[in-house]
Amino acid sequence: MSGPLATGIPHELPAGPFGKIEITGVLSGIGLFGNNPVFHGDEGHVDISNAQIFIQKTSGVFQFYLQGGAYNVPVVGVPFAKTGPTTTGLFGPFPVGYVKLVKGNFNIEIGALPTLVGDEYTFTFENMNVERGLLWNQEQAVSRGIQLNDTYKKLTLAFSWNDNFYSDRYTTLSGSLAYAVNAANTITFVGAGNAGNTYVRTGPANSFPVTLPYQNNEQVYNLIYTYTKGNLIISPYYQYTVVKSDPIYSSFLLSPTGAHTNGGALLANYNFKHGFSLAVRPEYIKSSGSVATGEANLLGYGSGTGAFAFTVTPTWVKDAFFLRGDVSIVHLTNFVAGSSIGFGINGTSTNQTRGVIEAGFMF
């Protein structure tokens, strides 16, 4: 969790041969409204954003973590999906869960794991902002596989073999290297890529896809700088992704010509007195190509398009209760009417503004 939210004090329970286990959770609701929806009925929504329980064992050689319940993953510039279909169609009612074998500073995790890629996490309560950002939308979220972690002096390393965008094909390798310059400054490099070719996604019948073939076959790289001191967190990061050309994309009615994206974001949060905090996230991403060259449509708005987004999130926390809201605007660049896919019922608008309110309890 990046803050400003934090889980409650764990409830400890005896678990026989496992020793003591810790239980925490989150229950929250969300209200969303905005202009230029892409279909009728998307102007406003009220739903549960999280109803999740976390069970974990954090001591000894054998440890584990299990996260279960309902969740929503709102993203700027993307139509809102209801919590029920999101939970069943993405990662199911147990989105994250793994066993962990620990020896000193080294450990191995096996199961459904949070991604190493990017500087934002999947679920709303984990982040400074309620909605995920433009760069996050190109990144892995949860992958099944194995991950090795080690810490040596100021270096923290992680390496994972996994199924990328939950594809059930274990051909992706990802890794991160973080260097703690001092107590306040950290620099992290992240890289991930599919060593094979994955064009299908297995899952429940009639579920919406976790990803398109483009992203599941991409390479992605991040350079992240994090400054943390006192009440202030500042974390700018750069992202580059590339998808190679492949004729088989035509089978999915997609362009066989690959493309790449360049993007950057700044995540910042400041904690004031009396439980108040303010987070901001300016970001920009641009896909290569143009309508004329017909390269892959990586952003969803059309070949060669780009997008700028700005999100501001005030938060108030009182004991276990929290209340916060997003105000976000997305503006499309390199938009070509008739060829690009914009906002609004007719897909011709280049702007979308949203207001989001989330309230709940961390217990």
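# Briefing: a strand-rich predicted chain

The accessible surface of the protein chain comes to about 16,300 Å². Carbon and sulfur atoms account for 66% of that surface. The model is predicted. The chain holds two helices and 17 strands. Its radius of gyration is 20 Å, close to the 21 Å that the globule rule gives for 363 residues, so the chain is as compact as a globular protein of that length.

**Overall build**

- Taken along the principal axes, the C-alpha atoms fill a box of roughly 60 × 45 × 45 Å.
- Of the 363 residues, 47% count as buried.
- Contacts between residues at least 6 apart in sequence include many that reach further: 60% of them join residues at least 24 apart.
- The chain carries 19 positive and 21 negative side chains. The centres of these two sets lie 7 Å apart.

**Strands E15, E16 and E17**

- Strand E15 covers residues 306-318, and strand E16 covers residues 321-333. They pair in the antiparallel sense over 11 bridges.
- E15 and E16 form a hairpin, with two residues between them.
- E16 also pairs with strand E17, residues 351-362. This pairing is antiparallel too, over 11 bridges.
- Isoleucine 329 stands opposite threonine 353 in E17.
- In a regular strand, side chains alternate between the two faces of the sheet. Keep that in mind when reading residues along these strands.

**The E15–E16 turn**

- Lysine 318 lies in strand E15 and stands opposite phenylalanine 321 in E16.
- Lysine 318 is partly exposed, because its relative accessible area of 48% falls between the 20% and 50% cut-offs.
- The C-alpha atoms of lysine 318 and histidine 274 are separated by 8.2 Å. Along the chain these two residues are 44 residues apart.
- Aspartate 319 sits in the loop between E15 and E16. It is exposed, with a relative accessible area of 69%.
- Aspartate 319 has a positive phi of about 55° although it is not a glycine.

**Other backbone exceptions**

- Most residues other than glycine have a negative phi, and most peptide bonds are trans.
- Asparagine 334 departs from the first pattern, with a positive phi near 55°. It is found in the loop between E16 and E17.
- Asparagine 334 is partly exposed, at a relative accessible area of 45%.
- The peptide bond from glycine 3 to proline 4 is cis, with omega near 10°. Proline 4 belongs to the segment before strand E1 (11-14).

**Two buried loop threonines**

- Threonine 305 is found in the loop between strand E14 (276-287) and E15.
- Threonine 305 has 0% relative accessibility, so it counts as buried under the 20% cut-off.
- Beyond residues up to four places away in sequence, threonine 305 touches Lys286, Ser287, Leu299, Thr333, Asn334 and Ser340. One of these partners, Asn334, is the residue with a positive phi near 55°.
- Threonine 122 is found in the loop between strand E6 (106-114) and strand E7 (142-152).
- Threonine 122 is buried, because its relative accessible area of 5% is under 20%.
- Its contacts, again leaving out residues up to four places away, are Val73, Asn127, Arg132, Trp136, Ala141 and Val142.

**Threonine 186 in a strand**

- Threonine 186 has its place in strand E10, residues 185-194.
- Its relative accessibility is 24%, so threonine 186 counts as partly exposed.
- Leaving aside neighbours within four places in sequence, threonine 186 is in contact with Ala178, Tyr179, Ala180, Val181, Ile224, Tyr225 and Thr226.
- Threonine 186 and leucine 267 are 81 residues apart in sequence. In space they are 14 Å apart, C-alpha to C-alpha.

**Points to check in the viewer**

- Start at E16, which pairs with E15 and with E17.
- Then look at the hairpin turn, where aspartate 319 is exposed.
- Finish at threonine 305, which is buried and touches Thr333 and Asn334, among others.

How values were computed
Residues numbered from 1 in each chain as written. Predicted model: local features only at pLDDT ≥ 70, side-chain atom pairs only at ≥ 80, totals over all residues. Heavy atoms only, no water. Helix = DSSP H or I, 4+ residues; strand = E, 2+ residues; numbered from the N terminus. Rg over C-alpha atoms; globule rule 2.2 N^0.38 Å. Buried < 20%, exposed > 50% of the residue type's maximum accessible area, 1.4 Å probe, protein only. Contact = heavy atoms within 4.5 Å. Areas by Shrake-Rupley, 256 points an atom, 1.4 Å probe, with all protein chains shown as cover. Lys, Arg positive; Asp, Glu negative; His and termini not counted. Charge placed at Lys NZ, Arg CZ, Asp CG, Glu CD. Pairing = 2+ DSSP bridges.
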